[in-house]
Amino acid sequence: MPSGRIRIGALGLTVLSLIAVSAGQAAAANAAPSASASASAPTASSAGAAVDKAKREVARALARSLSDKRWNAEVAAQTRGNKAVTLEGLTPRTATPSTRSLARVISEQERSVAKAKGLSAETGPLLRLRAAGAPDAAVPAAGKVLVAATTSDDHASTITAYDAQGRAHTLDTRSAPRQAVYVVDLDTARTRAAGMEVLQDELAKNGLAASKAARSKAPDSAGRPNGQNSAASGDKGFWATKIKEIQVSDAQEPWFKGEADVFALVAGYGLDGKTRVDAVDMPYLDWANTAYQPGQILVNWSNYKFDTADVILWEDDGDINYKALAQSLSAIVLTVANQAAFIPLAAAVINAMPDSWWTDDPDYVESWYSLTKDSTGSLRGVSNRGTMTVEPYFVNQF
């Protein structure tokens, strides 16, 4: 049984693997970000606060609506077994004034969440609901259930829940509640997937990543090419680094949190000598202290001028505005001039992260430095909280 959601005490992730490019980057990663970098970085706290506010508004409206016995029973049936359902997907058989009011609140707050995350309003349902009690618990009495809103702050000792009268109650995050509680949270798997597209598109606009058309021809997560790679894949294929197995450790996790949502960034110098940053989604990396064997392509070496790269994992707890992150990365990384020789990029990329995403924040997960095309075997992360087993892998062209 997995011990809990990934929470390593450094950034909150949905996983971005950041591949920088130098053995000397460990020192850069352990240094505090510069004041100028922090000033230009997206404000994670503002994005997280906006998302948290939206969740609280929905939780309050839903709690009020559950005073209706029929609607209360329908919600209990749809969430039985701790099944997470999108809030827009909660459809009452018979509309009532309370459920119509709830629908308006959900629609408004969905737009607020999309804006805070830097996503299109057309992304789709971003908020979801699940029961926090025992999977087979009896249907709670109408008007007696509490509806809580999760927080993007993993260090929070309490969260807010609402009753049928709209009154706020404080719940301890360290102890599971004894009464029936529903939890409104962010569908971070959906937001992370949409965020990856936004991030890559914004980076591509600034010449830091492959275009959407080029990405559509890149190898999939199992290493199978979807056509000839756009970046000098050669006549017969290209060399890559593949993840055979990956595992990260855990810290105590509050009861209201679900699975993690981890992503990765790849940063280095492209074949043209210009800086390059690639985002890598890791949707499978849900639980800590659990070994995963994804067979995922982590680095496509045909995209890089130098045979060295770094990897940094992050987790999205709801406080990432992907468009703002891409703009911050672009603004800082583009200050590094085109290079005829290798110069480390890790410090520039890490300095693009806001202060709240630094190494003492649970959004940062782990880092690996100085990967090469020939790297193989088990590699321990620099923070000693993760292990990744990699191997060289040749992707054959069809």
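This is a short walk through the sheet, the cores and a few individual residues of the structure above. Keep in mind that we're looking at a predicted model.

Let's start with the open sheet. Four strands make it up, and reading across you go S9-S8-S11-S12, with antiparallel pairing. So who is at the edges? Strand S9, residues 275-279, and strand S12, residues 364-371, each have a single partner strand, so one side of each has no neighbour in the sheet. On average, neighbouring strands here are turned by 15 degrees against each other, if you ignore direction.

Zoom in on one pair from that sheet. S8, which covers residues 262-269, pairs with S9 over 5 bridges, in the antiparallel sense. If you want a spot to click on, take Leu265, whose bridge partner in S9 is Ala279. There's also a helix packed on the sheet: H6, residues 188-205, touches S8 and S9, and its direction makes about 165 degrees with that of S9.

While we're on H6, have a look at Glu202, which is found in that helix. Is Glu202 buried or exposed? It counts as buried, because its relative accessibility is 11% and the cut-off for buried is under 20%. Leaving out residues up to four places away in sequence, Glu202 touches Lys323, Ala326, Gln327 and Ser330.

There's a similar story to tell over in helix H5, residues 97-116, where we find Gln109. Gln109 has a relative accessible area of 11%, so it is buried. With residues up to four places away in sequence set aside, its contacts are Ala54, Glu57, Val58 and Leu127.

Now the cores. As background, in soluble globular proteins nonpolar side chains tend to be buried together. In this model, the largest nonpolar core has 52 residues, and Leu87, Leu129, Tyr182 and Leu199 have the most contacts inside it. Which helix gives the most to this core? That would be H3, residues 44-65, with 7 residues. Then there's a second, separate core of 22 residues, and Leu298, Trp368, Leu371 and Met388 are included in it.

Next stop, helix H4, which spans residues 69-78. Trp71, Asn72, Glu74, Val75 and Ala76 are buried in that helix. Right at the start of H4, Asp68 has a side-chain oxygen that reaches to within 3.1 Å of the backbone nitrogen of Arg70.

On to a hairpin. Strand S4, residues 158-162, and strand S5, residues 168-172, run antiparallel and are joined by 5 bridges. Thr158 stands opposite Asp172 in S5. The two strands have 5 residues between them, and in that turn Gly166 has a positive phi of about 80 degrees.

Last topic: aromatic pairs. How many turn up across the whole structure? The search finds 4. One of them is Trp239 with Phe394, an edge-to-face pair at 5.2 Å centre to centre and 65 degrees between the planes. Trp239 sits in strand S7, residues 237-248, and Phe394 in strand S14, residues 386-396, so this pair ties together parts that are 155 residues apart in sequence. As for how accessible they are, Trp239 is partly exposed, with a relative accessible area of 38%, and Phe394 counts as partly exposed too, at 28% relative accessibility.

That's the tour, so over to you for questions.

Methods
Residues are numbered from 1 along each chain as its sequence is written. This is a predicted model: local features need pLDDT of at least 70, side-chain atom pairs count only at pLDDT 80 or more; totals for chains, interfaces and linings use all residues. Side-chain values use heavy atoms; hydrogens and water are left out. Two strands pair if DSSP finds at least two bridges between them. Axes are lines fitted to C-alpha atoms, for helices over the stretch in contact, and angles run from 0 to 180 degrees between N-to-C directions. Contact means heavy atoms within 4.5 Å. Buried means under 20% relative accessible area, exposed over 50%, partly exposed in between (1.4 Å probe, protein chains only). A polar contact is a pair of N or O atoms within 3.5 Å; within protein, one must be able to donate a hydrogen and the other to accept it, and residues adjacent in sequence count only if both atoms are side-chain atoms. A nonpolar core is a set of buried Ala, Val, Leu, Ile, Met, Phe, Trp, Tyr and Cys residues joined through side-chain atoms within 4.5 Å. Rings of Phe, Tyr and Trp (its six-membered ring) pair if their centres lie within 6.5 Å; planes under 30 degrees apart count as stacked, over 60 as edge-to-face and the rest as tilted.
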